[in-house]
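Please look through the sequence and the structure shown here before reading on. The paragraphs that follow go from the chain as a whole to its sheet, its charged pairs and a part of its surface.

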Amino acid sequence: MKNKFALGAAVLAMSTSSALAQDWSGFYAGGGIGNLSIDTSLDGVDGNSTTLGVHAGYRFDLGEAVLGGEFEYDAADVELVPGAVTADSVMRLKVTAGYDLGSTLLYVAAGSAQVNVDGVGDEWGGFLGLGAAYEIAPQTVIGLEVLQHEFKDIAGSGIDADATSVGLRASWRF
């Protein structure tokens with residue numbers, strides 16, 4: 001009896017997962033809210049702020065693997081030196097590679113990011129991160145993403161910075 005129950009549960013689980021299998025291919029766009037934390041190479045020069053952002057991209061569903069590219073812009077207000085130096089935004093050009101679990105997509109992200117620091121200048125750097133997306137309706141996806149950035153010699157100032165962003169995202173597929 002136990003073997004029949006286990007076999008039935010396994011068949012039910014496999015049929016449920018295939019019934020829930022989603023096609024992640026296509027264009028999407030959305031917005032997000034998060035936190036950006038910046039730590040510089042100068043003692044005591046760091047800060048964090050809430051971010052608001054927009055993103056747009058395209059994914060290719062290759063079965064279990066999902067590949068994509070994305071543009072993302074986050075507005076911030078990270079006071080590094082109060083009244084003098086503020087990180088205002090981060091723009092990212094991102095590639096993603098993930099694993100399709102049906103209505104959930106787990107992925108890694110990497111790419112280039114530009115930080116805008118008023119009082120110092122702009123600088124490009126790299127980032128790596130992890131993310132998860134969950135389809136709550138046929139055209140609606142929510143997600144969570146954590147990215148670690150590295151910026152060297154911001155605008156020739158000799159100042160380096162590490163930044164961590166954590167974001168909650170909502171996207172609409174079309």
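The accessible surface of the protein chain amounts to about 9300 Å², and 65% of that surface belongs to carbon and sulfur atoms. This is a predicted model, and the values given here are to be read with that in mind. Of the 174 residues in the protein chain, 39% are buried. When contacts between residues at least 6 apart in sequence are considered, 55% of them join residues that are at least 24 apart.

The protein chain contains one helix and eight strands, and read from the N terminus the elements follow the order α-β-β-β-β-β-β-β-β. The eight strands close into a barrel, in the order E1-E2-E3-E4-E5-E6-E7-E8, with antiparallel pairing. Within this sheet, neighbouring strands are turned against each other by 20 degrees on average, if direction is ignored. In general terms, strands of a sheet pair through backbone hydrogen bonds, and the pairing may be parallel or antiparallel. One pairing that can be followed in detail is that of E7 with E8, which run antiparallel and are joined by 12 bridges; here Thr140 stands opposite Trp172, a residue of E8.

From the backbone we turn to the charged side chains. Side chains of opposite charge can pair when their charged atoms come close. A search of the whole structure finds 10 salt bridges. In one of them Lys94 pairs with Glu70, and the closest N and O atoms lie 3.0 Å apart. This pair links distant parts of the chain, since Lys94 belongs to strand E4 (residues 85–100) and Glu70 to strand E3 (residues 65–81), with their positions 24 residues apart in the numbering. Are these two residues buried or exposed? Both Lys94 and Glu70 are buried.

A salt bridge also joins the side chains of Glu72 and Arg92, with an N to O distance of 3.1 Å. It, too, links distant parts of the chain, with Glu72 in strand E3 and Arg92 in strand E4, 20 residues apart. Glu72 is buried, as is Arg92.

Lys152 and Glu150 provide a further salt bridge, in which the closest N and O atoms are 3.8 Å apart. Lys152 has a relative accessible area of 47% and is therefore partly exposed, and Glu150, at 42% relative accessibility, likewise counts as partly exposed. Elsewhere, salt bridges that share partners bring Glu70, Glu72, Asp74, Arg92, Lys94, Glu145 and Arg169 together into one network; the buried residues Lys94 and Glu70, together with the buried residues Glu72 and Arg92, are thus described again as members of this network.

The surface also has a nonpolar part. Which residues form the nonpolar patch on the surface? The patch is formed by Ile33, Leu52, Leu144, Val146, Val166 and Leu168, which together have about 530 Å² of accessible area. Strand E7 (140–151) and strand E8 (161–173) are the elements that give two or more residues to this patch, and these are the two strands that were seen above to be joined by 12 bridges. One member of the patch, Leu144, is found in strand E7. Why does Leu144 count as partly exposed? Its relative accessibility is 47%, and the class of partly exposed residues lies between the limits of under 20% for buried and over 50% for exposed, so Leu144 falls within that class.

Key:
Residues are numbered from 1 along each chain as its sequence is written. This is a predicted model: local features need pLDDT of at least 70, side-chain atom pairs count only at pLDDT 80 or more; totals for chains, interfaces and linings use all residues. Side-chain values use heavy atoms; hydrogens and water are left out. Patches are made of residues with over 30% relative accessible area and no salt bridge: like charges are joined within 9 Å, nonpolar side chains (Val, Leu, Ile, Met, Phe, Trp, Tyr) within 5 Å. Accessible areas come from the Shrake-Rupley method with a 1.4 Å probe; for residues, only the protein chains shown count as cover. A salt bridge is a side-chain nitrogen of Lys or Arg within 4 Å of a carboxyl oxygen of Asp or Glu. Helices (H or I, at least four residues) and strands (E, at least two) are DSSP runs, numbered from the N terminus. Buried means under 20% relative accessible area, exposed over 50%, partly exposed in between (1.4 Å probe, protein chains only). Two strands pair if DSSP finds at least two bridges between them. Axes are lines fitted to C-alpha atoms, for helices over the stretch in contact, and angles run from 0 to 180 degrees between N-to-C directions. Contact means heavy atoms within 4.5 Å.
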